2 protein chains.
Amino acid sequence: MYGVISLKKIGRLCGVSESTVSKALKDHPQVKAATRERIQMVARKYNYQPNAMVECMQTGRSKTIGIAYNKFNDMFAGQVMQGIHQTLYRNGYETLIICWDLIVGDGADVLNKFSRRRVDGLLLFPMEKLPSPYYLEQLQSFHNPILMIDQTWAGNEYDFVGSDDQAGAFQATEHLIRRGLSKIGNVCYGAVSSGIERRKGFETAMSENGLTVRQDWLIDITDCLETPYQKIYELLRAEDRPEALVCFNDTCAFEAAAAAYDLDIKIPQQLSLIGFGDLDIASKMRPRLTTVHQSPELIGRKAAQLLLDKISRKEGRKAGPEHCVVPVELIERESVR
Amino acid sequence: MYGVISLKKIGRLCGVSESTVSKALKDHPQVKAATRERIQMVARKYNYQPNAMVECMQTGRSKTIGIAYNKFNDMFAGQVMQGIHQTLYRNGYETLIICWDLIVGDGADVLNKFSRRRVDGLLLFPMEKLPSPYYLEQLQSFHNPILMIDQTWAGNEYDFVGSDDQAGAFQATEHLIRRGLSKIGNVCYGAVSSGIERRKGFETAMSENGLTVRQDWLIDITDCLETPYQKIYELLRAEDRPEALVCFNDTCAFEAAAAAYDLDIKIPQQLSLIGFGDLDIASKMRPRLTTVHQSPELIGRKAAQLLLDKISRKEGRKAGPEHCVVPVELIERESVR
DNA sequence: AAAAAAATTTCAAGTACTTGAATTGCCCGG
DNA sequence: CCGGGCAATTCAAGTACTTGAAATTTTTTT
């Protein structure tokens with residue numbers, strides 16, 4: 001950076017060596033008071049800021065966490081991010097964010113970018129496509145702590161923080177059933193592990209209550225072009241339509257509400273709706289949305305803290321993965337009969 | 001970072017000096033083919049990734065842009081971010097994001113953080129409070145290009161990219177007036193420059209059409225605790241209420257719609273609503289929201305491109321600021337009578 | 001005034017890498 | 001058998017900074 005002053009330049013201006021400057025700025029007792037004052041004055045005048053790269057090279061610590069993110073216009077992930085940044089900022093860490101959906105190559109390219117910047121740890125948001133074998137291999141050989149946010153799978157050997165998706169969807173579905181509803185559809189999302197878990201929760205609740213899941217009342221957002229609106233509209237237009245929908249998230253539920261409005265189907269009288277997430281929109285929409293409350297900021301804070309703990313303990317991944325499941329809670333509002 | 005291999009280590013493994021390794025990895029013709037193969041094989045085996053910090057120290061370029069952001073759960077800013085990252089990613093740049101609302105100290109601390117990381121340029125989102133004189137002074141003496149996003153002011157000497165806020169609010173207000181509405185209120189936001197501009201646009205349209213602005217029909221979000229819902233509710237509950245509201249953004253309009261619903265006021269029959277932004281929510285809510293369309297991704301891309309141009313031209317800020325005003329467009333939907 | 005002691009400053013090496021210059025090793029001709 | 005010419009390799013300095021050791025300057029003591 002041009003114009004940023006270095007110890008060498010301060011030394012030249014003060015007529016001393018750069019090591020004297022270094023010591024003077026650290027209030028080292030070896031430096032004469034008069035010299036120290038002179039040096040500190042010049043440093044203040046030119047607003048000296050030490051080069052963070054150098055510290056990284058010397059300590060081997062970049063004080064930077066790599067975050068693989070999906071896109072910035074996702075409210076849930078945004079709130080998780082807010083929690084992450086809160087904790088990292090307070091611990092003097094900075095972040096390097098790379099968007100999954102911008103990269104042209106393999107996920108492995110992202111890992112290499114993180115390596116080149118020498119990040120001290122990795123927070124991985126779910127990528128919305130299948131990981132390549134090469135990516136998984138690279139992930140294995142990554143030398144620093146890795147933590148998965150909101151995604152896990154059977155035998156996952158990485159640290160993980162996320163919501164109890166299965167329990168949430170289970171509770172939501174049971175809530176509908178206890179209210180006497182049985183014709184229940186599901187808007188799910190098969191491209192991410194949290195979506196798969198929520199679908200499992202839905203199916204478990206149905207079968208445990210002796211209800212069969214109708215395949216034609218199942219919509220997977222993955223199959224939708226832009227938004228699930230069209231598919232939901234078609235589902236609700238049919239004579240033989242569900243009387244309740246368990247939705248993958250609040251945004252889906254909002255789309256469903258729009259489709260119902262367009263078909264003149266009243267909520268909750270003719271259609272009950274349950275969302276997932278409890279984003280702002282859930283309590284702001286009318287009728288207010290019954291939904292499963294998640295704690296995205298808490299997830300972010302916990303994820304960051306867990307990663308920082310691992311980094312400071314330097315234990316690598318030998319100790320076995322830590323899985324932190326944040327509980328969810330059903331919030332009853334007005335969208336269920 | 002532990003386990004990340006250096007040129008020195010590869011050199012030791014291959015029995016050559018680190019400069020030979022450096023040249024071999026660059027396919028330098030001075031290196032014997034057999035040696036080159038041997039070195040490249042070891043480098044691949046250990047997945048050698050050059051240390052980005054070193055390149056920064058040598059070239060004086062960090063290939064990093066500092067971004068001062070507000071919070072991650074803001075849809076509009078999120079889409080601008082997406083545009084920024086698209087352009088920066090394609091040009092091989094990375095970002096260092098710091099949140100205004102997390103910092104404990106002065107805005108100047110943020111600038112110093114950016115300086116320490118030696119960012120090549122700065123993209124500044126609006127901070128939602130008054131900048132301190134010290135911050136403005138530090139900004140002046142910042143040695144690299146600075147670009148303001150979505151905020152400008154009279155005599156602004158920095159580059160700027162943002163929407164034509166005044167024109168947008170003017171159009172929105174005139175649209176209401178042309179539809180025969182005259183009892184018009186305004187939900188504004190005085191803490192950011194775009195809010196001030198939109199309010200100006202509203203007032204200009206009112207006065208140019210011979211209408212007086214009623215101060216008791218003006219709500220400033222800055223004065224609201226959490227959301228403007230409560231204030232809007234009280235405004236609409238009054239006997240003598242406006243028949244139309246020009247809202248600072250779509251989120252406000254959505255809140256207004258909720259308040260109207262709760263008071264059994266029909267939109268658009270009894271209350272016309274205009275938003276600003278044309279976020280997803282505008283076209284998804286029912287009735288669909290008439291709003292002023294902005295192009296956040298375009299703003300982001302333009303901002304990043306303009307900044308990169310300045311960086312590569314190395315011209316500093318002598319040439320005078322470039323102000324790029326992105327046009328807006330009124331989208332007529334169903335929330336206006 | 002010279003030596004000893006104390007105070008202050010500079011040196012040097014290390015972090016990772018680049019690159020032109022210097023050096024080494026090797027084959028061949030005289 | 002030794003120097004020219006060439007290929008292949010290493011050296012050295014520079015980027016910014018830290019830190020213990022060494023060197024220098026200043027002060028004190030005899």
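Q: How do the residues of the surface near DNA strand C divide into nonpolar, polar and charged?
A: Start with the classes: Ala, Val, Leu, Ile, Met, Phe, Trp, Tyr, Cys and Pro are nonpolar, Asp, Glu, Lys and Arg are charged, and the others, Gly among them, are polar. Here the surface near strand C has 6 nonpolar, 11 polar and 4 charged residues. Keep in mind that this is a predicted model, where local features need pLDDT of at least 70, side-chain atom pairs count only at pLDDT 80 or more, and totals for chains, interfaces and linings use all residues. As for names, residues are numbered from 1 along each chain as its sequence is written, while chains are lettered from A and ligands numbered from 1 in the order in which they are written.

Q: Which residues are the closest to DNA strand C?
A: "Near" has a cut-off: the C-beta atom, placed from the backbone, must lie within 6 Å of the molecule or strand. Strand C is surrounded by 21 residues, and the closest are Ser19(A), Gln30(A), Ser6(B), Ser19(B) and Ser22(B).

Q: Which helix gives the most to that surface near DNA strand C?
A: Helices (H or I, at least four residues) and strands (E, at least two) are DSSP runs, numbered from the N terminus. For DNA strand C, α2(B) gives the most, with 4 residues. For DNA strand D, the largest share comes from α2(A), also 4 residues.

Q: What rotation superposes chain B on chain A?
A: Copies are superposed by least squares on the C-alpha atoms of residues with pLDDT of at least 70 in both. In this case it takes 180 degrees, with 0.0 Å of shift along the axis, and the RMSD is 0.1 Å. That's the relation of a two-fold axis. In chain B, Met53(B) has the C-alpha nearest the axis, 2.7 Å from it.

Q: At what angle do α1(A) and α2(A) pack?
A: Two packed helices are described by the angle between their axes and the distance between the axes. Axes are lines fitted to C-alpha atoms, for helices over the stretch in contact, and angles run from 0 to 180 degrees between N-to-C directions. Here α1(A), residues 7-14, packs on α2(A) at about 100 degrees, with the axes 8 Å apart. That makes the two roughly perpendicular, a label for angles of 65 to 115 degrees; under 35 is roughly parallel, over 145 roughly antiparallel, and the rest oblique.

Q: Which residues of α1(A) and α2(A) meet?
A: Contact means C-beta atoms, placed from the backbone, within 7 Å. Leu7(A), Lys8(A), Ile10(A) and Gly11(A) meet Glu18(A), Thr20(A), Val21(A) and Ser22(A).

Technical notes:
Contact = placed C-beta atoms within 7 Å.
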